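Q: I'm new to this structure and would like a close look at one spot, with a tour of some other parts afterwards. Could you walk me through it?

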Amino acid sequence: MKLSSGVGAAFFDYGSAVVREPADEFGFLSGRPQDDWAKVLDHTEIRRFSAGEEIISAGDGGRALYLLTEGTLGLRLPSPHVQTLRTIEAPSVIGEVAFLDGGTRSATLLAISDGEVLRLRIESFEALSAREPELGRAILFDLARIVTARLRHTNDMIARAGG
Amino acid sequence: MVTDAAAQRNPFPSYTQMRRRAPTWVWRVGSTLTIAAAITLCVTLVAKPSTGLRLWWRLAIPLLPLVWLTAPGLWRNLCPLAASNQTPRLLRFTRGWTAPAWYSEHAPAVGMTAFILLVASRKPLLNSSGVATATLIGGSLFGALIGGFAFKGKSGWCSSICPLLPVQRVYGQTPYLAVANRYCQPCVGCAKNCYDFNPRVAYLADLYDSDPHYTGYRRFFVGAFPGLTYCYFTLPAHLGTAAVYGRFAIYLAVSAGSFFLAETLLRVTVNKLTALYGAAAISLFYWYSAPVLAGSLTGRSGTAWFDWGLRAIVWSLAAAWLVRTWHKEAVFLQVGSQASAARKLDGGLASARARRAADPEVTIAPSGLRLVAKPGATLLELLENAGTEIEAGCRMGVCGADPVCVVSGMENLSAISPDERGTLDRLGYADSTRMACCARINGPVEVSVTPERREAAASKQIQGFPYDRDVRRVVVIGNGIGGATAADHVRRRHPDCEIDIVADEPYPLYNRMGVSRLVHGRSAMVGLQLLPDEWYDDHRITCWLNTSAQGLDLNRHEVMLGTGESLGYDRLILAMGADAFTPPIGGFGAPGTFVLRRAGDAFAIRAYAQRHRAMRAIVAGGGPLGLEAAYSIRKLGLNVTVLERSPRLLPRQLDGRAGDLLRKYLEGLGLRILLGSEPTSVRATDSRLDAVVLSDGAQLASDLLLVAAGISPLVELARKAGLDIRRGVVVDDELRTSDPDVFAVGDLAEHDGRIYGLWPAAVEQGEIAAANAVGGTRTYEGTVPVATLKVVGVDLMSAGQCEPDDGDTAIVLEDPDQHSYRKLVISEGQIAGAILIGRPQDAADVAAAVKDRRDVSAAIDDLERGDWSCLAADAPEKVAA
C-alpha cells in the first residue's frame, strides 16, 4: 500500500519512520559525475541565509533556478488566508517555473533555518549550455520531468475536484 | 525541524507541530477511567439493562457526534477502544507487524459496513438488549486489543477497522478545538492519510486520492449518511427484521443516489458536497436526538426550550463548520497545487560544494544578502549573478557605470588601476567607492550598490597647476566620454573659467558601450546614465543638451548654435565623436535597415522588431559592437545571423584559434555565424525588409538588417571651419588641431594617422587636451587598445598586437576542459599583446602588462609553463585599508 497518493500526499510525510517509494522521487541531475556538478557550481552564485530572510518574493521577476543545498525554507502564497503552506528541505530544486517561462514568482520563500542556496540565472545557464551542451540538455530534461510530474499531479487534482 | 512560529502559521500542521494541551500522565489517567467506565457499563448492561441501555443509547451515543464535531482529538485521546488498542504498545507486548496490504485496503470499508449494520440493528436488537450491547462494547474492546497486539501503531483498529472512524474522519476534519494525538511517539507511518497525523487534511486527502475506488466508498458513505440517519429515526415500530433492513437499504440508496446525482450535475468541488451531506446528517440527528437527550439529562420529556436550544446550537455549529470546511478545501487545493513531487538533488553536489566552503563571503548592504564569491571574481560578476540591480558598461573601469560603496573589507579587494582611479576621480564619489568591474574579491567584503557622495561636492582640484589666467571661456562640443572628460579636467586645473558643453543628443553623459542592451533590456536610459544628475552643476559646467553646433568662426573664436545664439571661446575642444560607418549596400536605408551607435538607434530597432513581429535578423559585422548587438537581438527573441567578411570573428582583436573558440561558443548561444560573407544589397517593400543579398549572390530572408561596420568621424563642422582633415580631424602630439586654440579628442581625432574609436583612448585624450587647453604641455603617445566582449559568459580580453610580427615570439596555452585560451605576443623581450579567453581573473594584470610593454625576458620559461604570476607581481597601486 502506498502511504499517500494524490493531492494530499504532501501532508503525510511520516518522516524517517517510512521508507519512501522510489517512484515518488524525481532526481535532479542524479548520477552525474562530480565534474558536472563542479561545472554547474561554476555558473551559480552561492547565497548563505539566516532564519527569517526572504529568499524569493512573490511577484518578483529575476529568471533564475535555485538549488537549496542546506537548510529549510517555508513556502507562502500571496494570499490573505494562507501563511506558510509547507516547508522545503534541502536538498531541493526550487523556482523552475519562473526559470523556464520568465514569469514572475508565484510564491514567497522564507528561510526557516540557516542555510545555503545556489542561484543559476538564465544567462549563466545559457553560457553553461553553450560550453557544455550535453549538460545543459540534461538540466532541461530534468526540469521538464519535474514540471511534467507537477502537471500530471495538477491534472489529477482537477479531475478529483470535479472540474 | 520547523520552528514554533512556522508551525503556527501552517494551515495544516501535523500532530508533531500542534500544541500539547495536557501532559501524558493526564491522558493516561483519563483513558484508564474511560476503560473502567466502559467495563462498568458492560457489567451494568448485563446486571441492570434498563440503566445501562439508557446511559449508553440515550446519553453517550447522542452526545458523541457533538464531541466529534467540536473537539475530535479529545475523543481520539480518551476513547476506551483506543486505550485498549494502544495498551500492547504501551506495555511493549505488541508484535508490531505491518498490516498486510489487503487489510489496510479493505478494513475501512469493513468498518463502514459494520457501522451501517449496527445502526440498522439498533431498533430490532441493540436498543433493547443489554447483553447484545454489552457484547458489542466488550467485543470491540477485545477486538481493539487484539488489533493492537498484532499490528504496529494504530493500524490494528483506530486507523483501520474501527466502525466509528469513518464518522470521525468526516466530522473531525475542521475541529473547533484541535487536540494533538498523544499516542504515537514516534510516528511509525502505519496508516494511509492518517487522521491522527494530520486531522485537518486526512479526509480531504482521502477525497483527493489518486485511486478512484479508494475515494468512491468514502463518498458513498457520506452520501448515504443523511438517509441512514433519517431512516433510523423514522423507522415505524414493530417492523419485521427483514423489513427494517430492506427499508434501510432503500433509504441509503436514495440518499447516496442523490449525492452522486448532485456530484454529476453540479460543478462544485468534491468536499463541498461531502461536507454538505455531513452537515445535513448531523442536523437531522440532533433534530431527533434533542428530545432524547432532554429526557436523559433533565429526566422529563417535552421540554421545548431544551430541544430548540440544543438544535439551535448544533445547527449553528454545523453551519459554521460547513463554511469553514469549504474554505479549508480551497486552501488545501491551493497548497496541493504547490506541493509538487519531491525534487531531490544528487549527492554529487555535496562534494562539489565542499570545495567552495572556504571561499570568501561578500555581504550586500543594506539587505544583508550574503554571497560566496569565487576567489578572483569581480564584484560586478558576483552582483550580476546574484540578481542585484547593477549596471555594467565597459567592464574595464573606464566608463563608470558600476560604482559601488565598499562598507568594509577594502583591503580584501584587488588594487586600483590607473584607469579605475581616473574614473573614480571623474565621478567624484567618496573614497569608499570602487568600480565593481575592477574590484576582484580576495577576502570578506561588505558592499552597497549605492556609492556615497563626497562631502565637499566637487572634482579633485589639481593643486598648484600653473593654469593660464587669460583663458576665461572654454567650449566643448560633444557630450560623450571625450567631451565630458575634457570639461572635467579643465575644471580640475582651472577653478574659475566658464565651461560650456554643447551636445546634440538630449541625454547627459551616458554609457554608449551599453546601447546594445537597450535593444533587449526594459530599463531604458536610466541605467545607462554615467554621472549623478547634479554633476554638471557641481562642476559649474553649463550643458546645452539637444542643441547642435551649426558653425565655427575660428577668427572670431565663436561657436554658432542651432538656437541662433553663439558662444565665444578662448579654447575650443572638439569631441563630437563619430557616426556609424555604412559600407555601400544597395537599398540600405529601407525600412528594417539600421545602424547602432546612439541610444535612439537601439530604441528604433526594438520598436521595429516588435511592430513587425520580426523573426529573423542579420547583423553585418563580426566586431565587438556587431557581436554584442547580435546577442542583444537574439535576447529579443529573433534568430540572428552574423556576417563577417574576414575569415574570423573579431579580426582586429583575435588570432585564428581564439576566433574559432569564440565562434563555437556564440553558436552554442544560438547565433548563426557566416564568415567570409558580407551584404551587397537588400530587398525590401515599402514597409519592410524581405531579404539581404550577400557577396556570393545568395539571398538570406530577413526582417531586419543591422550594419556594424565601424565608425565614420563627424568632421563636417571642422571641415567647413577650415581645419585640417584627413579621415578625422588631424591633431598633433598635444592634441591641437591646425588652429592652436582648437583641440580635438575621441572618435573624431586622428593622431599619427590613427583613429582609435575606443573609450579608453577618448578618456586619455580628453584629459591631455584639457590640460593643454589651460596652459599645460602634456603629450599624447597613443593608447594601447584593450578590447573585451560584453556577451554573457565570454570572458574575453584582447590587448595590443594579436599576431607576432617577424622576429616576435608568441606563447600560446590552451585548456579545452576549462574552455580557456591564453596568448602573449612578445617583441624584443617585452609584452606587445595578449589574448585571454576564459581567464577573467588575469585580464586586468595582463592588460596592464601590455600597456606597460613589460619586459619579461627573464620569465619566458615560467610563462610557457603557464605560471603567469610574474605579470601580477608589479601591482600599480596598493589601496589604503
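Where in chain B is the place of B:Pro366?

A: Before we start, keep in mind that this is a predicted model. You'll find B:Pro366 in the loop between β2 (361-365) and β3 (369-372) of chain B. The peptide bond leading into that proline, from B:Ala365 to B:Pro366, is cis, with omega near 0°. As background, most peptide bonds are trans, and most residues other than glycine have a negative phi. Chain B has another cis bond to look at: the one from B:Gln185 to B:Pro186, with omega near 5°. B:Pro186 is in a loop too, the one between α8 (165-171) and α9 (199-207) of chain B.

While we're on backbone details, take a look at some phi angles. B:Leu735 isn't a glycine, yet its phi is positive, about 70°. It belongs to the loop between β24 (729-731) and β25 (742-744) of chain B. With a relative accessibility of 0%, B:Leu735 counts as buried. B:Asp752, also not a glycine, has a positive phi of about 55°. Its loop runs between β26 (749-751) and α24 (759-773) of chain B. Here the surroundings are another story: a relative accessible area of 70% means that B:Asp752 is exposed.

One more positive phi, about 60°, is found at B:Arg92, just after α5(B). That helix, covering residues 80-90 of chain B, is mostly covered, as eight of its eleven residues are buried. The buried ones are B:Pro80, B:Leu81, B:Ala82, B:Ala83, B:Ser84, B:Asn85, B:Gln86 and B:Pro88. And what do they pack against? In chain B, the partners are α2 (24-47), α4 (72-78) and α7 (130-150).

Stepping back for a moment, chain B contains 27 helices and 31 strands. It has 881 residues, and 55% of them count as buried. If you take the contacts in chain B with a separation of 6 or more, 68% come from residues 24 or more positions apart.

Now for a pair of helices. The axes of α10 (residues 212-234) and α12 (residues 270-298), in chain B, come within 9 Å and cross at roughly 15°. α10(B) and α12(B) are therefore roughly parallel to each other. The crossing is left-handed. From α10(B), the contact is made by B:Arg219, B:Val222, B:Gly223, B:Phe225, B:Pro226, B:Thr229, B:Tyr230, B:Phe233 and B:Thr234. From α12(B), the residues taking part include B:Val270, B:Tyr277, B:Leu284, B:Phe285 and B:Tyr288. Sorted by class, this contact has twelve nonpolar, six polar and one charged residues.

B:Glu263 ties in with this spot. It lies in helix α11 (residues 241-265) of chain B. Leaving out residues up to four places away in sequence, B:Glu263 touches B:Arg219, B:Val270 and B:Leu273. B:Arg219 and B:Val270 are among the residues of the α10(B) and α12(B) contact. B:Glu263 and B:Leu273 are ten residues apart along the chain, and their C-alpha atoms are separated by 7.2 Å. At 24% relative accessibility, B:Glu263 counts as partly exposed.

Next come some strands of chain B. β10-β11-β12 (chain B) is the order of an open sheet of three strands, with antiparallel pairing. The edge strands, each pairing on one side only, are β10 (549-553) and β12 (566-568) of chain B. From one strand to the next, the twist averages 20°. β10(B) pairs with β11 (residues 558-561) of chain B over four bridges, in the antiparallel sense, with B:Ala549 standing opposite B:Leu561.

Let's finish in chain A, at strand β9 (residues 115-121). Seven of its seven residues are buried, so β9(A) is largely enclosed by the rest of the structure. In a regular strand the side chains alternate between the two faces of the sheet. Both faces of β9(A) are covered: A:Gly115, A:Val117, A:Arg119 and A:Arg121 are on one side, with A:Glu116, A:Leu118 and A:Leu120 on the other. β9(A) runs antiparallel to strand β2 (residues 45-49) of chain A, and five bridges join them. Within that pair, A:Arg47 stands opposite A:Val117. Strand β4 (residues 64-70) of chain A also pairs with β9(A) in the antiparallel sense, over six bridges. There, A:Ala64 stands opposite A:Arg121.

Terms used:
Residues numbered from 1 in each chain as written. Chains lettered and ligands numbered in written order. Predicted model: local features only at pLDDT ≥ 70, side-chain atom pairs only at ≥ 80, totals over all residues. Heavy atoms only, no water. Axes fitted to C-alpha atoms, helices over the stretch in contact; angles between N-to-C directions. Helix = DSSP H or I, 4+ residues; strand = E, 2+ residues; numbered from the N terminus. Parallel < 35°, antiparallel > 145°, perpendicular 65-115°, else oblique. Left-handed = near helix turned anticlockwise from the far one by under 90°. Contact = heavy atoms within 4.5 Å. Nonpolar A, V, L, I, M, F, W, Y, C, P; charged D, E, K, R; others polar. Buried < 20%, exposed > 50% of the residue type's maximum accessible area, 1.4 Å probe, protein only. Pairing = 2+ DSSP bridges.
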